[in-house]
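Work through the exercises below with the structure open. Try each task before you read its solution.

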Amino acid sequence: MGEWRNKMAVKSKASNLASIGSKPQNINNYLTEEQEGYQFGPRLAFQAIRNMGFSTLNCIFELTDNSVDAEATKIYVTWVQDKKTKLYTLIVKDNGIGVPRDRMIEVFTKLGMEEEYLVNRTGHYGVGVKATLINLLRSGTATITSTYGDYTSTLKITHTDDDSMSRDLDWVDAGDTPTGTIITIPNISAKTSVEEIVRYASCIYYPHSDRSDDFKLIIN
């Protein structure tokens with residue numbers, strides 16, 4: 001009996017590793033690269049995040065919270081509607097410190113970053129921006145452009161209808177480009193009203209305007 005259990009354990013482990021390492025399992029780009037602990041198949045990972053209760057409004061504030069953590073004093077939230085498809089594109093732009101080139105993939109595709117979070121930060125678990133992308137981008141390509149130091153990096157994240165993900169990272173010399181980050185998420189079925197965003201923002205962000213006279217959240 002003991003021998004049978006050992007063989008099954010080895011077979012099961014080998015099968016799991018093969019499944020995790022196979023190319024169709026693109027969702028694992030969101031997860032840690034270590035083959036230890038719990039691992040998620042693509043559909044389970046997408047559905048688990050989507051069942052966490054993130055509304056479009058929650059997603060917007062996850063992005064603006066990240067901008068605040070990046071020391072932004074100006075954050076722009078813009079909705080653009082495609083006249084042909086009637087779908088919306090959400091654009092969140094800030095003048096924060098940006099994201100280093102070598103951290104773009106980790107920051108925007110790794111759930112639960114291993115990072116020391118300071119008490120004055122709004123984010124603590126490294127989930128928000130990833131959950132936002134999974135919830136809002138059902139299919140299509142989101143573009144994240146961030147200028148930090150000597151480089152402007154562009155990360156493109158593509159979701160398909162069958163819940164798979166691929167990514168592509170590129171960068172150029174920043175030159176005189178000011179620091180900051182722009183996140184563009186297309187193909188959203190419905191937008192959140194300006195009035196609703198303003199109402200919640202007035203409760204959440206007034207301390208930042210107290211600390212900085214220049215702090216502004218601009219919504220179209």
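**Exercise 1. Find what share of the chain is buried, and describe its surface.**

Of the chain's 220 residues, 37% are buried (under 20% relative accessible area, 1.4 Å probe, protein chains only). The exposed surface of the chain comes to about 13000 Å² (Shrake-Rupley method, 1.4 Å probe). Carbon and sulfur atoms supply 51% of that area.

A note on the source: this is a predicted model, in which local features need pLDDT of at least 70, side-chain atom pairs count only at pLDDT 80 or more, and totals for chains, interfaces and linings use all residues. Residues are numbered from 1 along each chain as its sequence is written, and side-chain values use heavy atoms, with hydrogens and water left out.

**Exercise 2. List the secondary structure in sequence order.**

Start with the count: 7 helices and 7 strands (DSSP runs, helices H or I of at least four residues, strands E of at least two, numbered from the N terminus). Then read along the sequence: α-α-α-β-β-α-α-β-β-β-β-α-α-β.

**Exercise 3. Lay out the sheet and explain its edges.**

Step one: write the order. The open sheet of 7 strands reads E5-E4-E3-E6-E2-E1-E7, with mixed pairing (two strands pair if DSSP finds at least two bridges between them).

Step two: look at the ends. E5 and E7 (216-219) each have a single partner strand, so one side of each lacks a neighbour in the sheet.

Step three: add the twist. Neighbouring strands are turned by 10° against each other on average, direction ignored.

**Exercise 4. Trace the two hairpins.**

Begin with E3 (residues 140-148) and E4 (residues 151-159), which run antiparallel and are joined by 9 bridges. Gly-140 pairs with His-159 in E4. Thr-145 stands opposite Thr-154. The turn has 2 residues between the strands, and Gly-149 in it has a positive phi of about 60°.

Move on to E4 and E5 (residues 165-173). Again 9 bridges join antiparallel strands. Thr-154 stands opposite Asp-170 in E5. Here 5 residues lie between the strands, and Asp-163 takes a positive phi near 60°.

**Exercise 5. Describe how H3 meets H5.**

First, the geometry. The axes of H3 (residues 56-69) and H5 (residues 128-136) come within 9 Å and cross at roughly 145° (axes are lines fitted to C-alpha atoms, for helices over the stretch in contact; angles run from 0 to 180 degrees between N-to-C directions).

Next, the contacts (heavy atoms within 4.5 Å): Cys-59 and Leu-63 are among the H3 residues that meet H5, whose residues there include Val-129 and Leu-136.

Notes:
Buried means under 20% relative accessible area, exposed over 50%, partly exposed in between (1.4 Å probe, protein chains only).
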